[in-house]
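Here is a short briefing to read alongside the structure. Keep the viewer open and follow the topics one by one.

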Amino acid sequence: RLDRIIAADLHAPQVVMAGGTGLITEVSLVRRILQRVLEDTKTLDLPLCLALPDDGAAKRIESVYIEVEKSLGIHLPIVFGAKRRATSRQSEIKELFGELEALKGALAIMLDDELATGGTNDHTAAALKAKHGAAQVWAAVTHGVFCPGAEVRFADTTCSVDRVYSTDTIPFDSRPHLAELIQSGRLRVISWLDDLVKLIYFHHWDLSIRAMR
């Protein structure tokens with residue numbers, strides 16, 4: 001009996017089609033996340049490189065990074081992996097493709113739609129550093145699931161992920177076990193509340209969300 005569903009960065013685009021025309025509206029927060037991460041990289045004197053989990057992710061965010069490149073006047077080299085999922089919570093990047101030479105000495109920004117246990121992120125970051133010479137690796141996701149134990153993994157000084165960015169589509173104020181990770185600066189939370197308010201407003205008045213900025 002729902003009249004409308006608003007979803008941020010769906011894992012599978014097919015969900016939108018399954019919901020029927022006009023029922024499910026997908027909203028991408030990738031531009032918001034990427035812009036925030038790039039703003040923070042200004043304090044570091046490192047070249048940048050985007051690292052995406054698979055070719056599908058590269059296609060999904062293509063328009064976003066082109067727009068960000070133009071607005072900031074920069075070029076963002078991209079690498080993407082061939083991801084194989086072992087379980088619902090665990091996957092592995094088998095091989096990387098793209099502008100691999102851009103990883104050497106760079107800050108690699110791993111973009112994805114969600115982070116669960118953090119195992120894939122940690123293993124991929126280790127490979128980016130050991131095999132391709134990345135200087136630092138930051139993970140940026142829309143949905144920070146953070147399954148039990150993820151906070152221990154990212155707090156560990158041996159973790160290959162140097163920093164994690166996540167929106168609060170899954171609220172953090174009800175998860176006190178993540179507070180220390182946030183206070184340490186290894187986890188940076190990007191609020192999507194302003195975006196949510198605008199979405200509700202635009203939908204209420206039947207305005208196009210494409211006009212949102």
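Helices here are DSSP runs of H or I with at least four residues, numbered from the N terminus. With that in mind, Arg-36 and Asp-40 are separated by about one helical turn, because they sit four residues apart in helix H2. Please note that this is a predicted model. The points below go through helix H2, its charged residues, the nonpolar cores and a buried arginine.

**Helix H2 and its surroundings**

- Helix H2 covers residues 30-41, and its end C-alpha atoms are 16 Å apart, in agreement with the 16 Å expected for twelve residues at 1.5 Å a residue.
- Which residues of H2 are buried? They are Val-30, Arg-31, Ile-33, Leu-34, Val-37, Leu-38, Asp-40 and Thr-41.
- The cover over these buried residues includes strands S3, S6, S7, S8 (163-167) and S9 (187-190), along with helix H4 (62-72).

**Salt bridges that involve H2**

- The structure has eight salt bridges, and one of them joins Arg-31 to Glu-67, with the closest N and O atoms 3.9 Å apart.
- Arg-31 belongs to helix H2 and Glu-67 to helix H4, so this pair ties together parts that are 36 residues apart in sequence.
- Arg-31 counts as buried because its relative accessibility is 18%, whereas Glu-67, at 33%, counts as partly exposed.
- Within H2, Arg-36 forms a salt bridge with Asp-40, and their closest N and O atoms are 3.3 Å apart.
- Arg-36 is partly exposed at a relative accessible area of 30%, while Asp-40 counts as buried at 16%.
- Arg-188 joins Arg-36 and Asp-40 in a network of salt bridges.

**Nonpolar cores**

- The largest nonpolar core contains 26 residues, and Met-110, Leu-128, Phe-146, Phe-154, Val-161 and Val-164 have the most contacts inside it.
- At least two residues of this core come from each of strand S3 (48-52), strand S6 (107-115), helix H5 (119-130), strand S7 (136-144) and helix H6 (150-155).
- Another core, of 23 residues, lies apart from it and includes Leu-50, Leu-76, Ile-109 and Leu-111.
- In soluble globular proteins, nonpolar side chains tend to be buried together.
- Beyond its neighbours within four places in sequence, Val-164 is in contact with Leu-115, Ala-139, Phe-146, Phe-154, Arg-186, Leu-187 and Arg-188.

**Arg-186, a buried charge**

- Where does Arg-186 lie? You will find Arg-186 in the loop between helix H7 (179-184) and strand S9.
- Arg-186 is buried but has no salt bridge, and the nearest side chain of opposite charge is that of Asp-162, 5.1 Å away.
- A polar atom of the Arg-186 side chain lies 3.1 Å from the backbone oxygen of Asp-156.
- Outside its neighbours within four places in sequence, Arg-186 has contacts that include Phe-154, Thr-157, Cys-159, Val-161, Val-164 and Leu-181.

**Asp-162 and its partner**

- Which residue forms a salt bridge with Asp-162? The partner is Lys-129, with the closest N and O atoms 3.0 Å apart.
- Asp-162 lies in the loop between H6 and S8 and Lys-129 in helix H5, so the pair ties together parts that are 33 residues apart in sequence.
- Asp-162 is partly exposed, with a relative accessible area of 27%, and Lys-129 is partly exposed, with 26%.

How values were computed
Residues are numbered from 1 along each chain as its sequence is written. This is a predicted model: local features need pLDDT of at least 70, side-chain atom pairs count only at pLDDT 80 or more; totals for chains, interfaces and linings use all residues. Side-chain values use heavy atoms; hydrogens and water are left out. A nonpolar core is a set of buried Ala, Val, Leu, Ile, Met, Phe, Trp, Tyr and Cys residues joined through side-chain atoms within 4.5 Å. Buried means under 20% relative accessible area, exposed over 50%, partly exposed in between (1.4 Å probe, protein chains only). Contact means heavy atoms within 4.5 Å. The expected span of a helix is 1.5 Å times one less than its number of residues. Lys and Arg count as positive and Asp and Glu as negative; His and the chain ends are not counted. A salt bridge is a side-chain nitrogen of Lys or Arg within 4 Å of a carboxyl oxygen of Asp or Glu. A polar contact is a pair of N or O atoms within 3.5 Å; within protein, one must be able to donate a hydrogen and the other to accept it, and residues adjacent in sequence count only if both atoms are side-chain atoms.
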